Amino acid sequence: MSAGPRTVAYFARGIDGFYLFEENSIRGIALVRDDTPEAAWAEQFLPADECLRYRVGTTNDPIYPTTEEILRGGNLAELLAARGIRDLLLSSAMSPAIQQWSVDHGIRLWAADYEHQIRLENKLWFDQFLKRHAIPHPSGFVVTIGEPPRPAEGWVLDRSIVVQRAESLGGEGTYFLPSLDALTGWAIAENIPTGECCLVRERIDGHAFGITLLVAPQFISLSAIRQQCYYPSDRKATQTFAGIQWLPMNSIGPAVAGRIEDVFLRLGRQLHKMGFFGLANCDFLIGANQQVLVIECNPRMSAATPQLFLHPSLGGETSIAKMFLQGFERSGTFAEVPREAGLPTTDFAGATLDVVPSTAEPSPAVLRDFPSGTYRLTSTRFEYIRPEVRWAKGVDEFCLFSFATAGQSIAAGTTLATILANFRLYDAGGTLSTEGQQLLNHIRFD
């Protein structure tokens, strides 16, 4: 008798798993928190044996506990053991506690290795990595808080700067300052400890872009390119992330596309040489003379991953989702010369949008619920279609994942919902388009 398909659990709130497990050889089990709208929603369209309710113990956030709190304080380990599940897709960043939990319970985490994650996420380590391998990036230097800055030779002192804390995730620890003279005041305002080392870089005018690299033992593959988009803000030190806009290949000049492909295949080869396996989501800028400059690398799932899995054209002839699964199924010896797939030819122009509070009140409350599921937006209507989200590929369709319920207090920086749209939400400058603003006007929690 042949063995059944491999079973991999995934957190429904992570979104990625809904779009990943379509291969016959691998079966996904959605993990939903007991007695929540999330569980009631997922059970409307998932078979009973593909949905598993868990409980959470002590948590600092009763609405959205961290992955670490779910794993360490609840009953998930016992539930997985009872079902014979030994694999867990991890959408969140790794931590020492998560790593130890997986070891203690014999659970294989489907994510990049912990050691690789903490190195690549560290802004100082990654900056040196780029320098060591001659991969183009913005010029900069390290500052120690409380000590006079020692800028690199030729640095223009009055130029605007970007400061990044070393151990920060994504854009959470990134700040924009008018000059080096503002560094001391910024450190005091943000309570940055004396002696902490941060990376200072020149601020380059232009838009930020993103790309995903899949690095596996036998191959390296690049995704399509996306633009990073932000909400307008009067705050000069930080920006509020709004979402991403996928760029069709015909909107990117062949010369720039060639440079992007060259830079990120070079980066992929270096990640492959260090034994990295998984998804590496990289941010980059296009500077003067159309030079491609790598900013940072987030070696985990990202805001772009769900659509990358849902729309195979974003990964080329062989979908990145399929290759990701094959890599974990057949992981082994790294090839000396891996196969390579460059930028895919795609005309997909969908986008994502994080819905954040629109009010300036310190703790507003959620006034109404929006059910998660597939919706349709046209010039004349905003329509809920179904709870199922895995087949939402209509040109006017979008998926809404709601994290908010009526009566909930909204803390600063809360993401109330995430939208995955199959149509454009931003203009060429990264500002909400007419469709994007129309959608946001419909979905108002506060």
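# Notebook: strands, helices and hollows

I began with strand S7 (residues 161-165), and I found that S7 and S9 pair in the antiparallel sense over five bridges. Before going further I noted that this is a predicted model, and I read every entry below with that in mind. Within the pairing of S7 and S9, I looked up Ile-161 and saw that its bridge partner in S9 is Glu-202.

I then asked which strand S6 (residues 140-144) is joined to, and in what sense the two run. The partner is strand S9 (residues 197-202), with five bridges between S6 and S9 and an antiparallel course. For a landmark to find on screen I took Val-142, which stands opposite Leu-199 in S9. My note on S9 is therefore that it pairs with S6 and also with S7.

**Helix H6**

Next I went through helix H6 (residues 114-121) for its buried residues, and I listed Tyr-114, His-116, Gln-117, Leu-120 and Glu-121. These residues lie on the same side of H6, because the arc that they cover around the axis is only 160°. I also looked for what they pack against, and I wrote down three helices, H5 (96-105), H7 (123-132) and H9 (254-273), together with strand S15 (292-298).

**Helix H12 and Gly-436**

I turned to helix H12 (residues 434-442), where Gly-436 is found. Is Gly-436 buried or exposed? Its relative accessibility is 0%, so I count Gly-436 as buried. Leaving out its neighbours within four places in sequence, I found Gly-436 in contact with Leu-353 and Leu-425. I also looked up the pair Gly-436 and Tyr-426, which are ten residues apart along the chain and have their C-alpha atoms separated by 6.4 Å.

The buried residues of H12 are Gly-436, Leu-439 and Leu-440. They sit on the same side of H12, because they cover an arc of only 100° around the axis. When I checked what covers these buried residues, I found several strands, including S12 (225-231), S17 (351-355), S18 (373-377), S19 (382-386), S20 and S21 (417-421).

**The largest cavity**

I searched for cavities of 30 Å³ or more and found that the structure holds one. How much space lies in the largest cavity? The value is about 50 Å³. Its lining includes Leu-90, Trp-110, Ala-111 and Ala-112, and further along the chain Gly-278, Leu-279, Pro-299, Arg-300, Met-301, Phe-324 and Phe-328. Strand S14 (278-286) and helix H11 (320-329) each supply at least two residues of this lining. When I sorted the lining residues by class, I obtained nine nonpolar, one polar and one charged.

**The second largest pocket**

My last entry concerns the second largest pocket, whose volume is about 550 Å³. Two elements give two or more residues to its lining, namely helix H2 (37-42) and strand S20 (397-402). Of these, H2 gives the most, with four residues. The lining of the second largest pocket comprises 27 residues, and those that lie nearest its centre are Thr-36, Pro-37, Glu-38, Ser-402 and Phe-403. By class, I recorded 17 nonpolar, five polar and five charged residues in the lining of this pocket. I noted that S20 comes up twice in these entries, as a contributor to the lining of the second largest pocket and among the strands that cover the buried residues of H12.

Technical notes: Residues numbered from 1 in each chain as written. Predicted model: local features only at pLDDT ≥ 70, side-chain atom pairs only at ≥ 80, totals over all residues. Heavy atoms only, no water. 1 Å grid on protein atoms, 1.4 Å probe; cavity = no way out; pocket = protein on both sides within 12 Å on 5 of 7 lines; lining within 4 Å. Points joined across faces, edges and corners; volume = space filled by probe spheres on them. Nonpolar A, V, L, I, M, F, W, Y, C, P; charged D, E, K, R; others polar. Buried < 20%, exposed > 50% of the residue type's maximum accessible area, 1.4 Å probe, protein only. Arc of directions from axis to C-beta. Contact = heavy atoms within 4.5 Å.
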